[in-house]
Amino acid sequence: MTERRSATRRMTVSQALVEFLANQWTVDGDVRERTIAGTFGIFGHGNIAGVAQALKQLAREDPARMPYHQARNEQAMVHQAVGYARMHRRRATFACTASVGPGATNMLTGAALATTNRLPVLLLPSDTFATRVADPVLQQLELPHDATVSVNDAFRPLSRFFDRVSRPEQLFSAALGAMRVLTDPVETGAVTISLPEDVQAELIDVPLEFLREREWHVRRPQPEPGELARAVAAIRGAASPLIVAGGGVLYSDAADELRRFAEATGIAVATTQAGVGALPWDHPLAAGSVGATGTTTANRLAAEADVVIGIGTRYSDFTTASRSAFQHPGVRFVNLNVASFDAMKHGTELPLVADARAGLAALGAELAGYATSSGYRGALAEGKAAWDGVVDAAFAPSGRPRPAQSEIIGAVQAASDPRDVVVCAAGSLPGDLHKLWRVRDDLGYHVEYAYSCMGYEIAGGLGVRRGAPDRDVIVMVGDGSYLMMHTEIVTAVAEGLKVVIVLIQNHGYASIGALSDTVGTDRYGTRYRYQDAESNDVDPERPLPVDLAANAASLGIDVVRIEPGPDVVAELGAAVRAAKASSTATLIHVESDPLVPAPDGGGWWDVPVAAVSELPSTQRARAAYEAAREAQRPLV
């Protein structure tokens with residue numbers, strides 16, 4: 001009995017969980033780092049005596065073991081964790097603790113974003129009493145037909161792993177199961193451990209084995225020989241192949257391997273939103289972005305490709321231009337992906353289930369001697385030169401008092417350095433950045449476009465800065481997304497996190513406004529104007545007197561206003577350079593003209609148009625929609 005007691009420690013469930021998390025390490029080849037770099041949290045009655053007490057106690061013993069960071073919004077702290085995880089190539093993330101009820105459900109959007117992007121984050125939402133002695137407690141959802149359901153059950157479809165610790169003894173299997181999924185390249189995403197508020201503070205005798213340092217080795221599986229042979233045969237027979245590089249290239253740290261493979265074979269590389277950075281923009285084989293927000297070069301290659309080599313991509317509708325991008329009648333897909341779910345997409349018979357880096361190395365070894373034709377490479381060079389000219393023209397200052405968004409991007413690009421990271425997520429900016437941003441570093445582009453979550457930008461940017469403190473982080477955000485969630489500016493000020501925020505004011509939802517025009521609804525409900533009750537619309541001539549620069553300044557951040565005028569682009573560039581030289585966070589406010597579009601790359605996006613309408617604008621949009629849909633290939 002004495003020996004048994006000496007092998008355990010009496011702790012609360014929360015104390016055991018926090019100490020366990022502090023001792024978990026991810027090992028990826030010769031890289032070893034803490035899996036859980038720290039904890040974000042907002043405390044309430046559901047976690048103040050549990051997780052909060054455990055964090056404070058551990059901080060008193062050793063502040064560096066589990067750093068705690070206060071957040072201002074529960075959804076935003078999940079976004080910070082996601083931004084950090086991407087910069088660490090999914091090897092590390094943060095835990096996020098929230099109180100019962102609304103504190104917990106505020107994290108639901110963050111959970112969906114993490115899982116959609118295949119990025120790890122550990123969520124610790126508090127739950128109502130497991131004992132039910134005091135039912136119903138504050139913020140408890142009651143369902144008469146099922147007393148076991150709480151609001152935390154909403155995390156189940158959004159999480160790659162979900163468990164509820166209803167008894168202290170369940171902590172051990174829940175925590176180990178959570179770590180397995182967080183560190184698995186195939187399974188990773190949001191991981192949720194629901195913690196009833198009473199159980200968090202309960203006693204448990206914890207085996208010392210549970211609390212020891214533990215390493216989780218990232219698997220980098222090699223391709224299966226048969227799959228590899230079939231993929232090699234298909235590529236060798238290709239006359240016009242195309243690589244589509246997705247986020248898996250970056251998560252696998254495979255950019256160098258991709259470059260070697262492309263240079264050896266002469267195959268052009270097009271990138272998804274998550275894959276931008278797989279090759280620098282000026283590499284001779286970099287065709288640019290592909291799909292709905294793609295370049296003319298990449299989209300032409302996609303239309304002609306007889307073999308598409310998808311690497312680490314999930315083939316979203318933007319990547320495939322809603323399945324209209326790949327027009328070759330005999331096109332085949334070689335899908336290299338660590339997850340069979342993604343490797344089997346487009347009905348392919350040529351999946352290559354393997355790690356991106358390992359798979360590229362294997363393909364390269366087997367394809368020795370294969371190369372695309374000089375005509376193929378010449379056409380690529382001509383296409384690149386033509387598109388570069390288009391971008392140069394879009395970046396050139398027009399002298400308009402309110403510049404086009406492309407001019408703003410050009411000014412920020414010119415003021416940035418190669419290792420800077422541009423961050424964005426929603427609105428028209430992601431599409432324009434995808435086509436126009438000239439990335440020079442594999443981690444220099446961070447646009448969350450799997451969930452395209454409005455409000456992600458500033459919080460995600462803070463996560464990027466935490467994950468890469470030696471880089472400047474430039475957050476580009478529109479006024480609509482800024483208004484959704486700007487609260488983490490306070491966190492940047494409180495913790496001295498230097499980010500440069502370029503806030504583009506266009507007085508409405510520019511992206512949806514433009515989309516509204518294409519579907520025939522004439523920007524209905526997309527402008528920030530005074531409401532006109534008589535027309536059940538807004539008065540287009542009466543913009544709201546909203547001062548977002550003043551709002552930002554009230555949160556404590558340094559603010560630079562760029563007033564409309566002929567020198568806006570030059571002033572913006574100077575402001576970005578000054579902000580980069582500063583030691584504190586800066587927000588730069590600039591107005592744009594939302595009616596001047598970026599260059600069109602020839603992609604299409606399937607957004608349905610009303611099949612019948614009395615509006616002539618909708619009737620015209622429906623006719624255009626039906627014509628565009630003829631290029632769609634549902635099974636490709």
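**A walk through the model, starting at β12**

In strand β12 (residues 242-245), Leu242 and Val244 point one way while Ile243 and Ala245 point the other, and all are buried. Keep in mind that this is a predicted model. The back-and-forth is what you'd look for, since in a regular strand the side chains alternate between the two faces of the sheet.

Now look at what β12 pairs with. It runs parallel to β15, and 4 bridges join the two; in that pairing, valine 244 has glycine 310 of β15 as its bridge partner. Strand β13 (residues 269-271) also runs parallel to β12, joined by 3 bridges. Here isoleucine 243 of β12 is partnered with valine 269 of β13.

β15 also leads us to helix α10. The buried residues of this helix are Glu227, Leu228, Ala231, Val232, Ala234 and Ile235. They cover an arc of only 160 degrees around the axis, so they sit on the same side of α10. That fits the general geometry: an α-helix has 3.6 residues a turn, so residues three or four places apart point the same way. What covers these buried residues includes β15 (307-311), β16 (332-337), β17 (350-353) and α15 (356-366).

Is the length of α10 what you'd expect, or not? Its 12 residues (225-236), at 1.5 Å a residue, should span 16 Å, and the end C-alpha atoms are 16 Å apart, so the two agree. At the N-terminal end, glutamate 224 acts as a cap, with a side-chain oxygen 3.1 Å from the backbone nitrogen of glycine 226.

Further along the chain, there's an open sheet of 6 strands with parallel pairing, in the order β19-β18-β20-β21-β25-β24. The edges belong to β19 (445-447) and β24 (558-562); each has a single partner strand, so one side of each is left without a neighbour in the sheet. From one strand to the next, the twist averages 20 degrees. Within this sheet, β20 (residues 473-478) and β21 (residues 500-505) pair in the parallel sense over 5 bridges, and isoleucine 474 has valine 500 in β21 as its bridge partner. Helix α18 (residues 429-436) lies across β18 (421-424), β19, β20 and β21, running at about 155 degrees to β19.

Last stop: phenylalanine 40, in strand β4 (residues 36-41). Is it buried or exposed? Its relative accessibility is 0%, so phenylalanine 40 counts as buried. Its contacts beyond four places in sequence include Tyr68, Met77, Phe94, Cys96 and Arg466. Take phenylalanine 94: it is 54 residues from phenylalanine 40 along the chain, yet their C-alpha atoms are separated by 7.0 Å.

Key. Residues are numbered from 1 along each chain as its sequence is written. This is a predicted model: local features need pLDDT of at least 70, side-chain atom pairs count only at pLDDT 80 or more; totals for chains, interfaces and linings use all residues. Side-chain values use heavy atoms; hydrogens and water are left out. The expected span of a helix is 1.5 Å times one less than its number of residues. Buried means under 20% relative accessible area, exposed over 50%, partly exposed in between (1.4 Å probe, protein chains only). The arc is that of the directions from the helix axis to the C-beta atoms. Contact means heavy atoms within 4.5 Å. A polar contact is a pair of N or O atoms within 3.5 Å; within protein, one must be able to donate a hydrogen and the other to accept it, and residues adjacent in sequence count only if both atoms are side-chain atoms. Two strands pair if DSSP finds at least two bridges between them. Axes are lines fitted to C-alpha atoms, for helices over the stretch in contact, and angles run from 0 to 180 degrees between N-to-C directions.
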